[in-house]
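Me: I'm new to reading protein models and would like to go through this one strand by strand. Can we put it up and start?

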Amino acid sequence: MTSGKSRNQRSSNKRTSRPRTASSEQAQVLAHGNTEVQPSNGLLEEQAVAEAPGSRVPLLVGGSLILGILIVVFISLLLFAPGVVSKFFPTIGASPTPVSVVTNDVARTDGRIMFIRRSTDGKNRDIFVVNADGSDQEQVTSGIFIEGTAAWAPDGQHIIAQVSMNSVSTIARFAVGPDNRSTEQVLLTADIKADSAFPAWSPDGKKVAFQSKRDGDLSQVFVMDADGNNKARVSDGTGFDGQPAWSPDGKSIAYAGGAQQVSGAEREIYVVPASGGTPVQITNAGSSLTTPVWSPNGNQIMCLQIVGERDYKILIMNADGSNLRTLFEGGAISGISFSPDGSSVLFYNIGDQGEAVHTVTVDDGTDTSITAAGNGDYYPVWSPDGTQIAWASSADKQLHKIVAAKADGSGRRILSTGAGDDYGTSWALLK
């Protein structure tokens with residue numbers, strides 16, 4: 001681990017005011033929720049109690065006749081049209097499953113980590129969840145191609161992800177139980193027949209911001225309820241607007257906007273009320289700015305500036321765009337995030353020697369290399385309390401696995417197991 005000043009701490013004097021497709025059957029499962037969740041046997045138990053000897057109430061002859069007719073009809077449906085019965089009584093025909101209470105104390109104290117696994121043949125990308133101590137790894141999705149952003153909700157019980165359905169980028173929500181298994185899968189943007197991407201949870205988990213081409217050929221920023229209802233555009237509808245990020249109080253959204261939707265195009269950072277209003281351009285860099293991120297206290301915003309190939313900068317400014325300065329520069333930087341206390345920024349950097357995980361202090365720009373370059377280390381995230389980090393690593397000269405360590409990089413341990421290439425980490429407490 002090396003430590004020193006970043007290569008450039010100069011303050012800027014600029015002041016500013018597709019993918020693999022899933023089948024239509026998979027799309028229907030997402031759109032209507034996970035229909036394969038095992039129900040409890042509560043209904044069967046109630047029926048057993050109702051028919052226990054001595055528990056029946058004497059019926060009149062007419063009532064007995066009606067009851068007999070209903071029983072005959074029900075048995076006929078069960079034999080010759082079981083689909084009708086299962087539609088209204090989903091527990092009928094299901095194997096009784098013992099009801100158990102899962103607490104998962106590890107996930108509540110140290111958190112659990114979501115990651116994406118790319119199969120060895122490259123044909124599948126699925127979401128997995130593992131506890132922070134490496135226990136209880138479970139596969140959350142299967143046959144649903146995870147093509148982009150995926151992240152925990154603030155409650156640590158839901159995951160939002162960009163997936164591919166019939167050659168269209170769309171957004172899905174997955175509920176994950178305390179046992180790290182999927183309990184619900186819902187497609188949130190099934191009504192949009194154009195690409196939707198970069199979903200971001202609001203701080204209270206009640207809304208989702210995202211970019212979409214719903215209104216034209218270029219993406220705009222939208223907000224919807226966490227169940228997919230009440231979609232509304234919040235950007236101004238001109239040019240390209242995307243990569244939304246919520247302020248910590250949930251009142252504002254920062255995003256990158258420009259005339260064109262191509263990599264490297266000139267873009268500036270904008271801020272708009274989350275409830276709708278007039279967007280305000282807070283930078284005037286005249287270059288390609290991307291990936292805005294709010295500080296935990298909401299007083300600052302950082303972003304990436306793309307100067308050239310493997311020539312990026314981390315810029316930081318006040319929330320109104322003032323006091324813009326360079327925090328770090330050099331290499332192809334990605335995955336920037338503030339520590340929970342806002343004192344440091346975590347990121348990975350692809351330089352001439354390969355990928356490496358870094359932190360840089362916000363106050364004075366002190367750069368610390370958490371991992372040595374060339375070990376294939378990327379996609380780092382902070383633990384909820386900021387004392388640990390997790391990332392994808394191929395330091396063992398194999399496919400990437402999820403590892404975790406103390407915030408200084410010591411005490412490294414491997415968390416994920418199994419075949420495949422793991423990346424795209426997100427860490428949250430189960431609440």
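Me: How many bridges join strand β17 to strand β18?

Reply: First, a heads-up: this is a predicted model, where local features need pLDDT of at least 70, side-chain atom pairs count only at pLDDT 80 or more, and totals for chains, interfaces and linings use all residues. Residues are numbered from 1 along each chain as its sequence is written, and side-chain values use heavy atoms, with hydrogens and water left out. Strands here are DSSP runs of E with at least two residues, numbered from the N terminus, and two of them pair if DSSP finds at least two bridges between them. β17 (residues 288-294) and β18 (residues 300-308) run antiparallel, and the number of bridges joining them is 5.

Me: Which residue in β18 stands opposite Ser288?

Reply: Strands of a sheet pair through backbone hydrogen bonds, either parallel or antiparallel. Here the two strands are antiparallel. Opposite Ser288, in β18, stands Ile306.

Me: Which residue takes a positive phi in the hairpin of β17 and β18?

Reply: Look at the stretch that links these strands: the hairpin has 5 residues between them. One residue there has a phi near 80°. That residue is Gly298.

Me: And in the hairpin of β18 and β19, which residue takes a positive phi?

Reply: β18 also runs antiparallel to β19 (residues 311-318), joined by 8 bridges, and Ile301 has Met317 as its bridge partner in β19. This hairpin has 2 residues between the strands. The residue with a positive phi near 50° is Arg310.

Me: Why is strand β22 described as largely enclosed by the rest of the structure?

Reply: A residue is called buried under 20% relative accessible area, exposed over 50%, and partly exposed in between (1.4 Å probe, protein chains only). β22 covers residues 344-351. The strand counts as largely enclosed because, out of its 8 residues, the number buried is 7.

Me: Over how many bridges do β22 and β23 pair?

Reply: β22 has β21 (residues 332-338) as an antiparallel partner over 5 bridges, with Ile333 matched to Asn349. Those two form a hairpin with 5 residues between them, and Gly342 in the turn has a positive phi of about 80°. On to β23 (residues 354-361): a hairpin of 2 residues joins β22 to it, and Leu346 has Thr359 as its bridge partner there. β22 and β23 are antiparallel too, and their bridges number 8.

Me: Which strands stand at the edges of the open sheet with the order β25-β26-β27-β28?

Reply: This sheet has 4 strands with antiparallel pairing. Inside it, β25 pairs with β26 (residues 388-393) over 3 bridges, and Tyr378 has Ala392 as its bridge partner. Each edge strand has a single partner, so one side of it is left without a neighbour in the sheet. The edge strands are β25 (378-382) and β28 (413-414).

Me: Which residue in β29 stands opposite Ile116?

Reply: There's another open sheet of 4 strands, with antiparallel pairing, in the order β4-β3-β2-β29. β4 and β29 (421-428) are at its edges, each with a single partner strand. β2 (residues 112-118) pairs with β29 over 6 bridges. Opposite Ile116 stands Tyr423.

Me: Is Asn180 buried or exposed?

Reply: Asn180 lies in the loop between β7 (168-176) and β8 (182-187). Its phi is near 70°, a positive value in a residue other than glycine. With a relative accessible area of 0%, Asn180 is buried.

Me: What is the relative accessible area of Gln243?

Reply: Gln243 is not a glycine, yet it has a positive phi of about 55°. You'll find Gln243 in strand β13 (residues 240-246). It is buried, with a relative accessible area of 16%.

Me: What separates the C-alpha atoms of Pro178 and Gly156?

Reply: Pro178 lies in the loop between β7 and β8. It is partly exposed, at 30% relative accessible area. Along the chain, Pro178 and Gly156 are 22 residues apart, and the distance between their C-alpha atoms is 9.6 Å.
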